[in-house]
Amino acid sequence: NVAVYMIANLVVHNADEYRIYEKGFFPILKRFEGEFVTFDDNHLTLEGTDPTEGRVIIFKFPSEQAAKDWYKDSEYQALSEFRRSGTTLKSLTMVHSLPPRS
């Protein structure tokens, strides 16, 4: 299995709704062996056109399947309604790690 990184880009417009999402996010992430890496409200694009705005969040799963299972989990989807009402999601992108060298 190859680990995957999730990169989320969102703009918070209702902090109270988003806070409810944040509080529930971490226990569900952990249940799917996910790992929070970082977030940044002041990311910097050094070259090219910056496609992002707002907050960039990076987290990791041990496999693509774990990430897909997390995303389609009914508890996560119910919690996501708070994210949807409190933010504008610009993108949620899955990036695969390099495969192990043989």
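A residue is called buried when its relative accessible area is under 20%, exposed when it is over 50%, and partly exposed in between. Keep that scale in mind as we walk through this predicted model, starting with a salt bridge that reaches across the sequence.

Lys-90 pairs with Glu-53, and their closest N and O atoms are 3.1 Å apart. Lys-90 belongs to strand β4 (residues 87-96), while Glu-53 sits in the loop between β2 (35-40) and β3, so this salt bridge ties together parts that are 37 residues apart in sequence. How open are the two partners to their surroundings? Glu-53 has a relative accessible area of 41%, so Glu-53 falls in the partly exposed class. Lys-90, at 42%, is likewise partly exposed.

Now turn to Arg-55, which forms a salt bridge with Glu-22 at 3.3 Å between the closest N and O atoms. Here strand β3 (residues 55-61), home of Arg-55, is linked to helix α1 (residues 15-31), home of Glu-22, and the two residues are 33 positions apart. Arg-55 has a relative accessible area of 14% and is therefore buried, whereas Glu-22, with 28%, is partly exposed. The pairing does not stand alone: Glu-22, Asp-41 and Arg-55 are linked in a network of salt bridges.

A salt bridge within one helix comes next. The side chains of Lys-68 and Glu-64 meet with an N to O distance of 2.8 Å. Both lie in helix α2 (residues 64-72), and because they are 4 residues apart, about one helical turn separates them. Lys-68 is partly exposed at 40% relative accessible area, and so is Glu-64 at 30%. In the whole structure, a search finds 8 salt bridges.

Let us step back to the overall fold. The protein has 3 helices and 4 strands, arranged along the sequence as β-α-β-β-α-α-β. Its radius of gyration is 14 Å, close to the 13 Å that the globule rule gives for 102 residues, so the protein is as compact as a globular protein of that length. Along the principal axes, the C-alpha trace spans about 50 × 40 × 15 Å.

How much of the chain is buried? Of the 102 residues, 29% count as buried. Among contacts with a separation of 6 or more, 78% come from residues 24 or more positions apart. On the outside, the protein exposes about 6,700 Å², with carbon and sulfur atoms supplying 53% of that area. Finally, the protein carries 12 positive and 15 negative charges, and the mean positions of the two sets are 4 Å apart.

Terms used: Residues numbered from 1 in each chain as written. Predicted model: local features only at pLDDT ≥ 70, side-chain atom pairs only at ≥ 80, totals over all residues. Heavy atoms only, no water. Salt bridge = Lys/Arg side-chain N within 4 Å of Asp/Glu carboxyl O. Buried < 20%, exposed > 50% of the residue type's maximum accessible area, 1.4 Å probe, protein only. Rg over C-alpha atoms; globule rule 2.2 N^0.38 Å. Contact = heavy atoms within 4.5 Å. Areas by Shrake-Rupley, 256 points an atom, 1.4 Å probe, with all protein chains shown as cover. Lys, Arg positive; Asp, Glu negative; His and termini not counted. Charge placed at Lys NZ, Arg CZ, Asp CG, Glu CD.
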